[in-house]
Amino acid sequence: MPSDPVTNWAKQAVDGDIVVGELVRYAAERHLRDLRDGPARGLHWVPERAIRVIRFFPALFSVTAGAKAGAPFDLLPWQMFCTGSLFGWHSETENTGVRPGEAEIFGDWARSGEQNDFR
């Protein structure tokens, strides 16, 4: 696993190395901007906490059906970004994530070139 898969994915999204929608690119840009400017506002990126949650998924969950049944449930890079962002950002006043989050996934995952093959 890369040392900081969340930041690596954000850089790829902003640089255009992966195709993302406008709102997703804004989220990636904000992540990178907060790395630079966040400490002045009391925000701190703790990649170890993000990675801990990302590693939780394959350690506890497995694919339950199809050709990959029994294989660890590994998050895709964009899922790592979403999950890691929720758990890796912390404020000076709280020891927990900065804000609650919600993700709405629309359309076919295959459009982005990434997909979990659960069939």
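Contacts that span the sequence come first. In this predicted model, among contacts between residues at least 6 apart in sequence, 61% join residues at least 24 apart. The chain behind that figure has four helices and two strands, and their order along the sequence is α-α-β-α-α-β.

Let me turn to burial and surface. The chain has 119 residues, of which 29% count as buried. The exposed area comes to about 7,900 Å², with carbon and sulfur atoms supplying 55% of it.

Now to the interior. In soluble globular proteins, nonpolar side chains tend to be buried together. Here the largest nonpolar core holds 15 residues, and the members that touch the most other members are Val6, Trp9, Trp45, Ile54 and Phe81. Four elements each supply at least two residues of this core: helix H1, residues 5-15; strand E1, residues 43-45; helix H3, residues 47-60; and helix H4, residues 77-88. Which of them gives the largest share? That is H1, with four residues.

H1 therefore deserves a closer look, given that largest share of the core. The buried residues of H1 are Pro5, Val6, Thr7, Trp9, Ala10 and Ala13. An α-helix has 3.6 residues a turn, so residues three or four places apart point the same way. In this helix, Val6, Trp9, Ala10 and Ala13 are among the buried positions. Their cover includes helix H2, residues 22-37, together with E1, H3 and H4.

Tryptophan 9 illustrates this packing. Leaving aside residues up to four places away in sequence, tryptophan 9 touches Ile18, Val20, Val24, Pro77, Trp78 and Phe81. Phe81 is also named among the core members that touch the most others. Just after H1 comes glycine 16, which takes a positive phi of about 85°.

I close with the aromatic residues. The whole structure contains six aromatic pairs. One of them joins phenylalanine 56 and phenylalanine 57 in an edge-to-face arrangement, at 5.9 Å centre to centre and with 85° between the planes. These two residues belong to one aromatic cluster with Phe61 and Phe73. Is phenylalanine 56 buried, partly exposed or exposed? Buried residues lie under 20% relative accessible area and exposed ones over 50%. Phenylalanine 56 has 41% relative accessibility, so this residue counts as partly exposed.

Notes
Residues numbered from 1 in each chain as written. Predicted model: local features only at pLDDT ≥ 70, side-chain atom pairs only at ≥ 80, totals over all residues. Heavy atoms only, no water. Buried < 20%, exposed > 50% of the residue type's maximum accessible area, 1.4 Å probe, protein only. Contact = heavy atoms within 4.5 Å. Areas by Shrake-Rupley, 256 points an atom, 1.4 Å probe, with all protein chains shown as cover. Phe/Tyr/Trp six-rings, centres within 6.5 Å; stacked < 30°, edge-to-face > 60°. Core = buried A, V, L, I, M, F, W, Y, C linked by side-chain atoms within 4.5 Å.
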